[in-house]
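Thanks for coming, everyone. Let me put the structure up, and then I'll walk you through it.

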Amino acid sequence: MPAPNPDVLRRKAAVLSRLLQVLPEGAVIHDPAETRVYECDALTAYRCPPMLAVLPSTTQEVSEVLRICHEEGVPVVPRGSGTSLAGGALPTADCVILGVARMNEVLETDYDNRFIRVQTGRTNLSVTGAVEEEDFFYAPDPSSQLACAIAGNIAMNSGGAHCLKYGVTTNNLLGVKMVLMDGSVVEIGGAHLDAGGLDLLGLICGSEGQLGVVTEATLRILRKPEGARPVLMGFDDNEVAGECVSDIIKSGILPVAIEFMDTLCIKACENFAHAGYPDCTALLIVEVEGSEAEIDYQLSKITEIAKRHNPVELRESQSAEESAKIWLGRKSAFGAMGQMNDYMCLDGTIPVSSLPEVLRRIGEMSEEYGLPVGNVFHAGDGNMHPLILFDANKPGDLEKCEAFGAEILKLCVDVGGCLTGEHGVGIEKRDLMSHQYTPQDLEAQMAVKDVFDPSWLLNPAKVFPLDASEARRVAQLAAQ
Amino acid sequence: MKPETEAELAELVAGLQQPVRIAGGGTRGVTGPEAMIETSGLTGITLYEPGALTLVAQAGTPVADIEAALEAEGQQLAFEPMDHRGLLGTNGEPTVGGVVATNISGPRRVQAGACRDFLLGVRYVDGMGQVVKNGGRVMKNVTGYDLVKLMAGSWGTLGVLTELSLKVLPKPESTATLIVHVAELTQAIQVMSAALKSPYEVSGAAFDPQDGRVLLRVEGFSDSVAYRIDRLKTVLSGFGEITEASGSAELWRALRDVRPFHGQDGDVWRISVKPTDAPDIEARLNADQTLFDWGGGLIWARAPSGTDIRGNLGRFDGHATLVRGAIETVVSLGHFQPEPTEIKALTQGLRQRFDPRGIFNPGLMG
């Protein structure tokens, strides 16, 4: 991260006293023992306590905080629940962390018009919790959904296992109330579809907290399907498993989820969760939804396709217990790998047709680097999650792991995919952006930030390679 | 001016000395400067992977070509783009670039999403003549800002699209349509809400006040469609007489293209609202004819030439677009709903950076 601005650090007391004028006592955190709580997000390899942290309770308070920080030239790092795997909420020593955790109210639920309006500190799962009594749900389901906040979901355009059918956050976001860095409050979209004018809503979603702080969100809610059931299939060859996925999709069935696991992951999950997984090279879990009869029909078509690819195992769930068991292994994949060693989780996306080639190359690189890799993969949409195992206590291992990870992500881009499918760029992939984008491509994106945050104070050192954003960040310092 | 490659287009834009109108097939009623850049020279499907549900095409590729290629693999553009020719009396061949630039979505938008939700990647030439790409050809991509969404529905004011990457979906094996006969709009909205909040995946919900019929579409595998139609009949039995329509495909194509308005004079407006607000909005419109799609969330209104529909509505949650009107009306009212000051500052700022010389479709979006 860039060096903190000494001028800002020197004015800490003055900034603090101004913030205390607009926020209640307990909403401003300045004691270094307490600001340490905010030193990192879920990318724990990087830590830095912020200068101050604030926990506003209203949009008005957020506006006051941003206005003051804007006037004082203090960088602001917005934070939902701090579950970013990419360092999206990593502080700098001269920043104010703006946490929205206290803003977690449901403001409006409307089943006839199928939306919910919430404050963005509310957790993803508790949005579904608020509409469950009417059998509705909020579709995007990142695996951190118990903890992660809607604010962070919007910032990172979070996905989940079921996005093949339901899309990601941007496809389920109808409107926002957002505070810009100068403290002005804007409202975009609402309960109606397709906000008029330029699609600012689409632009804000996934902008990693660099364009504004979203305090309220209108989200699309859906009626729960009557039921869902998975089928598990094992293959002796990655290529064949990939062909099977492609054939299922081509057949006209749209499963809600198609999950892929490779040998290392299958073994790790089996040892950890005893899900009854077969000993094979590639495992697929395919889930479909509907009434009992609809599920039966779709699963029969899927198993018919799978049989053409000579599976070593084909197990259609017959009960809720069996379904839970099939999912148990997959859902404990990260925990299972974590038990084996420290791991780094990647998030590149590839065209599904490149799967066999990419897995083969990852295997070769794993040998070269001497670090094992397990692969779990949202196969329907090409979103890979290679988990590289390393030993954080072994000098040089983290650096080796990061270099290996960067090679894998570059490979994802080279086969026609991208660096990140759902975790975001943050600081983790910031400096790889030049591999995917030309200077003109990056310039077009940075021009957007120029419009929303001309002083480059909101989460400034993220997303763009530091050398690419340097001129803008330096200009901001010089302007003070 | 009709460049045949992206490089040729970029060079042409860099050398432009005057504002231009951007046109694909010229079917969407965009007015503007005399000088025109046509993208219909940039054609061809460059990649189509049915097993990955992705298709990449040059911006000037006719929609018909894309639909034919998809049809051959049993797939489709799920957002069901409207054909504007009948409503606007335009000729020419609708292009995929035009569909994306105007973010045109049909009846299935209420369930499957809008055009922008199916757009995975773009390449475009900005106002300085630079080629920019954003997004890609994979379904999950959060690498950097999402300029893909920004370009969809920007009506050519931020750049000239050259290549698009789209998510496609399987074409349903079977389609059925229920007709619920209702007395008035409020009841129609209740029927559509009840259907859309059921678990039976209704993929179209529309109402034509002229014949008092609510149309509800169900798509999928044959047995599943039969089952869901049956369940919907039970759920909706209290609302009025229910019959089943024949010729579903034609019914929904007519709705998609607003066929009841074809050949009728006057201005045509498109108003996006919260569905349950529709009856109140309709009462304030003073329109000659209306048609309701998206469960009531989309109101098509035909009004005497020059009617200020936005003036009639006053303050409301949503937006009203003038789709067809005499040139004087377009000049005085504008196609698009005026934006609040803070939003206008943002959109003007974006336009200023993407097209600093203000040469692409100037004034079209305000």
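What is the order of the strands in the open sheet of chain B? Keep in mind that this is a predicted model. The order is β3-β4-β8-β6-β7 in chain B, so to speak from one edge to the other. That's 5 strands, with antiparallel pairing. At the edges sit β3, residues 45-49, and β7, residues 131-135, of chain B. Each of these pairs on one side only. On average, neighbouring strands of the sheet are turned by 10 degrees against each other, ignoring direction.

Take one edge. β3(B) pairs with β4(B), residues 54-58, over 4 bridges, in the antiparallel sense. Look for B:L47, whose bridge partner in β4(B) is B:V56.

Now a helix. α1 of chain B, residues 6-14, lies across β6 (119-125), β7 and β8 (160-167) of chain B. Its angle to β6(B) is about 50 degrees.

Next, domains. Chain B is assigned three: domain 1 at 6-170, domain 2 at 174-256 and domain 3 at 259-333. The centres of domain 1 and domain 2 of chain B are 31 Å apart, taken over C-alpha atoms. Their contact takes 8 residues from domain 1 of chain B and 10 residues from domain 2 of chain B. The domain 1 side has 4 nonpolar, 2 polar and 2 charged residues.

Last, the two chains. Here 74 residues of chain A are in contact with 69 residues of chain B. Which element of chain A gives the most to that side? It's α17(A), with 9 residues. Others supplying at least two residues include β9 (185-189) and α11 (292-307) of chain A. By class, the chain A side has 31 nonpolar, 30 polar and 13 charged residues.

Notes
Residues numbered from 1 in each chain as written. Chains lettered and ligands numbered in written order. Predicted model: local features only at pLDDT ≥ 70, side-chain atom pairs only at ≥ 80, totals over all residues. Domains from an automatic or database assignment. Contact = placed C-beta atoms within 7 Å. Nonpolar A, V, L, I, M, F, W, Y, C, P; charged D, E, K, R; others polar. Pairing = 2+ DSSP bridges. Axes fitted to C-alpha atoms, helices over the stretch in contact; angles between N-to-C directions.
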